[in-house]
Amino acid sequence: MTNPILTNEQLGTEAVLWDLSALYSAPDSPEIKEDMTRCRQLAEGLAIDAAGRLAELDADGICRVVERLETIDTLLARLETYAYLHFITQTGDGAASALLQRVEELAAAVGKLTVFFRLEWNRLDSARALTLLEEQALRRYRHYLTVMRNSAPHLLSDKEEELLQELKPVGRSAWNVLFEKLFGQLRFGQRGRTEEEVLSDLYHPDREVRKNGAAELTAGLRDHLHLLTHVFNTQAAEKMITDRLRHYPSWDSAINLSNELEGRTVATLVDAVAARYDIVHRYYRLKRVLLGGGELFDYDRYAPVPGGDEVAIPWERCRRIVLDAFAGFSPEMAAVASRFFDERWIHAPVLTGKRGGAFAHPCVPEAHPYILVNYTGNLRDVATVAHELGHGVHQFMAAEQGFYHSDTPLVLAETASVFAELLVFKAQVGLLSPRERLAYICQKLESIFATVFRQVAMNRFEAAMHTGRRQQGELSAEQLSALWLSSQRPMFGESVTLRDDYGLWWAYIPHFLSTPGYVYAYAFGELLVLALYARYQAEPEIFVSRYFMLLRSGGNGSPYALLRPFAIDLDDPTFWQGGLELIDRMLADAEQEVASVVDK
């Protein structure tokens, strides 16, 4: 039997709290007020000096404007990061929420003052802009300024852009904060458990526990379904209006532009993954055998395979597992990751009011990233820590590119995290007995399915939701649930029965609200990593140096350009099919082991 969830004290996480003093010493620190004032003053000064004059400036003059703008945006990012991280661990705290709101209002005001640069730069004659970009003075910002011009066809008038900036605090971000507050405070079932605790039941070996956890999650979502449906519809409507005003041709045009990807590349990825749903069907038919036969339901998807019974992993052992795996790949990677533990850049315990899930939050080059997890001591949590540390190492290394180029496109942002997770898996799987190894491989396959196939299925839900909202108007909870089930069922086929209750589970996924269209980045990252790992095994020494070059490049290049040293063609369907074949072979290995393991 899997052990019950241990307390923070038993796991050793009660003191694993991040130290935000690299940003500000306290929420009432006078430096926060001073920096908010300074940020506004710098923006006002830049607007006075440069607004309306960009077309007159040479490359040196434009560079000076960009440098001032980068100073403003870096200062604003420091304030935003602190306010968000201070809030997310105590979503019910009024003062923390108020600080976050004040900073968001400042960001909107500053954005209104500085939006002139984006507008004027994008309205420069193309020939003149290209000439300026070739000047040595703008070399440092060349990619940033080139990408900025990609949005030129989607700009509105100056007054409209200023108005949109001013309305930001009451737009998408406000609804996202409401969503975070709701789930930070929401309790499920008679025991009043958190979202994280209830979701953990889905991994329990006892089917009744899984079934009850699913019922509690469904009931909690149903109790707030009117509010969640309204939030989803409002966010979809906001995106619909924005896309229409900016003349984006499809619901995902904005995210593809942000990711510096052509729509054909994303379509190639999505089509390749959807065409291999048979891998998922095959696996769950195998899992049915491993669990003793009988019909599998949605709450059985993550049931542990016999032989992999877990003993809770204390935080210190988790640290050793992850850092040892990183060190086996590169001592440099382990050294950077160890700083997150040693210098208190991680927030690990499960706490009342803390948002569930996990993330790595980039900061500013002068500080460092921060990681949030809700650690309960199982192998999945160890993988999550590795995943987020992969992000953190990437963000730390990319900081040398400066503020504007340290921000990596989302599709490449997932590369380092998934690669880190794979390193831990490879290091651990060889230490296990045959039964344990089979269970661990099954768990890894399910993790890959969640990253590749589930994310593409969720992408199909988003496409249906946004299309439906635009064609039919406001969608009811029943319509959203029908769209969810129609996008999820093809992934499982007849191998898993998705009950009507599962139809409500679109309602707790934050990515749909915070970053519409984002989820395909996970599938992109997983399949890319499988291809990269094969190259690592073939040429380890050459690969490590190229890999770190990729991480250090941050966002200073498009995904196409940054992956060129690895000879990867993102528009070639066979590239994506190659990654899917590796998953297929992993499943085939598990199938071969089953007969011998089951007979013993």
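A helix here is a DSSP run of H or I, at least four residues in length, and helices are numbered from the N terminus. Keep that in mind for α26, which gives the largest share of a pocket lining, 5 residues. One more point before we start: this is a predicted model.

Let's stay with that pocket. It ranks as the second largest, and its space comes to about 310 Å³. How many residues line the second largest pocket? There are 15, and nearest the centre are Phe425, Lys426, Leu582, Met586 and Asp589. Four helices each give the lining at least two residues: α18 (410-429), α19 (434-451), α23 (520-538) and α26 (573-599). What about the chemistry? The lining of the second largest pocket has 9 nonpolar residues, 5 charged and 1 polar.

Next, the closed spaces. Searching the whole structure gives 3 cavities of 30 Å³ or more. The largest of these cavities has a volume of about 80 Å³. Which helices each supply at least two residues of its lining? They are α8 (172-185) and α9 (195-200). Among the lining residues are Phe183, Gly184 and Arg187, then Glu195 and Glu196. From further along the sequence, the lining includes Val350, Leu351, Lys354, Arg355 and Asn374. By class, the largest cavity has 5 charged, 4 polar and 3 nonpolar lining residues.

Phe183 takes us to the aromatics. The whole structure holds 45 aromatic pairs. Take Phe179 and Phe183. Their ring centres are 4.7 Å apart and their planes meet at 45°, so this pair is tilted. Why tilted, and not stacked or edge-to-face? Because stacked needs planes under 30 degrees apart and edge-to-face needs over 60. Both residues belong to helix α8, with a spacing of 4 residues, about one turn of the helix. Are they buried or exposed? Phe179 has 3% relative accessibility, so it counts as buried. Phe183 also has 3%, so it counts as buried too. So Phe183 is a buried ring that also helps line the largest cavity.

Compare Trp505 and Tyr508. Here the ring centres are 6.4 Å apart with planes at 75°, so the pair is edge-to-face. Trp505 is buried at 1% relative accessible area. Tyr508 is at 12%, and it is buried because the cut-off for buried is under 20%. Trp505 and Tyr508 also belong to one aromatic cluster, along with Phe232, Phe461, Trp484, Tyr502, Trp506 and Phe512.

Rings also meet charges. Arg380 has its charged end over the ring of Tyr203, 3.4 Å from the centre. Arg149 lies over the face of Trp121, and there the distance to the ring centre is 5.9 Å.

Last stop, a sheet. It is open, with 3 strands in the order β1-β3-β2 and mixed pairing. β1 (346-347) and β2 (359-361) are at the edges with a single partner strand each, so each has one side without a neighbour in the sheet. What joins β1 to β3? There are 2 bridges, and β1 and β3 (residues 370-372) run parallel. Across from His347 stands Leu372 in β3.

To recap: the second largest pocket takes its largest lining share from α26. The largest cavity draws on α8 and α9. And α8 carries the tilted pair, Phe179 and Phe183. Thanks, everyone.

Key:
Residues are numbered from 1 along each chain as its sequence is written. This is a predicted model: local features need pLDDT of at least 70, side-chain atom pairs count only at pLDDT 80 or more; totals for chains, interfaces and linings use all residues. Side-chain values use heavy atoms; hydrogens and water are left out. On a 1 Å grid over the protein atoms alone, a cavity is a set of points where a 1.4 Å probe fits but cannot get out, and a pocket is an open set with protein on both sides within 12 Å along at least five of seven lines; lining residues have an atom within 4 Å of a point. Grid points are joined across faces, edges and corners, and a volume is the space filled by probe spheres set on the points. Ala, Val, Leu, Ile, Met, Phe, Trp, Tyr, Cys and Pro count as nonpolar, Asp, Glu, Lys and Arg as charged, and the others, Gly among them, as polar. Rings of Phe, Tyr and Trp (its six-membered ring) pair if their centres lie within 6.5 Å; planes under 30 degrees apart count as stacked, over 60 as edge-to-face and the rest as tilted. Buried means under 20% relative accessible area, exposed over 50%, partly exposed in between (1.4 Å probe, protein chains only). A charge sits over a ring if NZ of Lys or CZ of Arg is within 6 Å of the ring centre and within 35 degrees of the ring normal. Two strands pair if DSSP finds at least two bridges between them.
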